[in-house]
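Here is a short report on one protein model. Keep the sequence and the 3D view open while you read.

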Amino acid sequence: MSLDVSPRIIFWWSPSFYITETALWAMIVAAFLIIMALLSTRKLQRNPKGMQGVAELIVETVYNFVRDTMGKRNMAFAPYIGTLFLFLFFSSLLGLLHWRAATADVNFAFAMAILVFLLIQINSIRSKGVGGYFKHFAKPYPFMYPINLLEEITFPLSLGFRIFGNILAGYIIMELFFDMLAGVTSSIGIPFLQMVIPLPLNFFFDMFEPGLQAFVFSMLTMSFIARAITYPGDEE
């Protein structure tokens with residue numbers, strides 16, 4: 001028995017231009033979030049109910065979370081953090097439908113990590129200036145410069161590997177478990193095993209784990225952005 005963990009190619013035009021299932025699912029998840037946002041804000045009411053009520057609850061939760069984690073001065077990042085969490089969560093939730101999650105592709109995971117890395121560096125330069133940006137690597141002591149620089153460079157690696165490794169591990173475990181149950185079912189003829197036994201594992205690997213990894217990814221993003229930005233009057 002072999003398990004292919006690489007993303008399948010869905011559309012192929014040439015050896016250098018094709019669309020994998022990861023890209024396809026990422027686009028579907030993005031379209032889904034856009035449609036839900038449009039539907040929930042189509043007819044705004046003073047007393048929210050239905051989809052508007054759910055959307056306002058999500059927005060309020062995200063804003064409160066960003067304020068508590070990053071401070072009131074960084075509230076402008078709340079829309080990005082909320083979108084990041086929802087996009088990662090739904091991209092990882094595909095395993096619940098027995099499909100390969102987009103975050104189980106190392107290319108997707110590192111693309112998201114690099115976007116966060118660039119966001120951190122750009123905002124750090126904007127707040128510190130070019131000179132201050134390079135000087136802050138020498139704190140608290142000049143000999144710490146290469147260590148701090150290495151920590152900054154390796155951040156997207158650790159961020160990408162964390163979500164990729166955890167989601168891929170869950171995908172592999174569930175695939176192997178279903179293969180085992182299929183073999184047992186064919187031997188003893190009890191299809192009920194395939195429907196009931198995987199439920200606890202499904203809940204953990206396909207629902208709880210995606211939420212946890214999206215939360216950790218978003219939390220680390222907020223922490224590093226808040227740490228990278230300085231404001232006038234902040235202590236050196």
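A residue counts as buried under 20% relative accessible area, as exposed over 50%, and as partly exposed in between. The model is predicted.

**Ser223 and its distant partner in sequence**

Start with Ser223. It lies in helix α7, residues 199-228. Its relative accessible area is 34%, so Ser223 is partly exposed. Now look across to Val66. The C-alpha atoms of Ser223 and Val66 are separated by 9.9 Å. Along the chain, these two residues are 157 residues apart.

**Helix α2**

Val66 is also one of the buried residues of α2. The others named with it are Gln52, Val62 and Met70. Seen down the axis of α2, the buried residues fall within an arc of 100°, so they line one face of the helix. Leu57 and Asp68 are exposed on the other side of α2.

How far does α2 reach from its first C-alpha to its last? The span is 28 Å for 20 residues. That is close to the 28 Å expected at 1.5 Å a residue. Just after α2 comes Gly71, with a positive phi of about 95°.

**The largest pocket**

The largest pocket holds about 630 Å³ of space. Its lining has 24 residues, and Ala37, Ala55, Ile58, Val59 and Leu86 are the closest to its centre. Three helices each supply at least two residues of this lining: α1 (21-40), α2 (51-70) and α3 (78-92). Which helix gives the largest share? It is α2, with nine residues.

What is the make-up of the lining by residue class? The table gives the split.

| Class in the lining of the largest pocket | Number of residues |
|---|---|
| Nonpolar | 18 residues |
| Polar | five residues |
| Charged | one residue |

**Gln121 in α4**

Move to helix α4, residues 106-135, where Gln121 is found. Is Gln121 buried or exposed? Its relative accessible area is 8%. The cut-off for buried is under 20%, so Gln121 is buried. Its side chain has a polar partner. The side chain of Gln121 makes a polar contact with the side chain of Tyr133, at 2.4 Å.

**In brief**

Helix α2 appears in several parts of this report. It gives nine residues to the lining of the largest pocket. It has a buried face, with Leu57 and Asp68 exposed on the other side. Its Val66 has a C-alpha atom 9.9 Å from that of Ser223.

Definitions and conventions. Residues numbered from 1 in each chain as written. Predicted model: local features only at pLDDT ≥ 70, side-chain atom pairs only at ≥ 80, totals over all residues. Heavy atoms only, no water. 1 Å grid on protein atoms, 1.4 Å probe; cavity = no way out; pocket = protein on both sides within 12 Å on 5 of 7 lines; lining within 4 Å. Points joined across faces, edges and corners; volume = space filled by probe spheres on them. Helix = DSSP H or I, 4+ residues; strand = E, 2+ residues; numbered from the N terminus. Nonpolar A, V, L, I, M, F, W, Y, C, P; charged D, E, K, R; others polar. Buried < 20%, exposed > 50% of the residue type's maximum accessible area, 1.4 Å probe, protein only. Expected span 1.5 Å × (residues − 1). Arc of directions from axis to C-beta. Polar contact = N/O pair within 3.5 Å; in protein donor to acceptor, adjacent residues only side chain to side chain.
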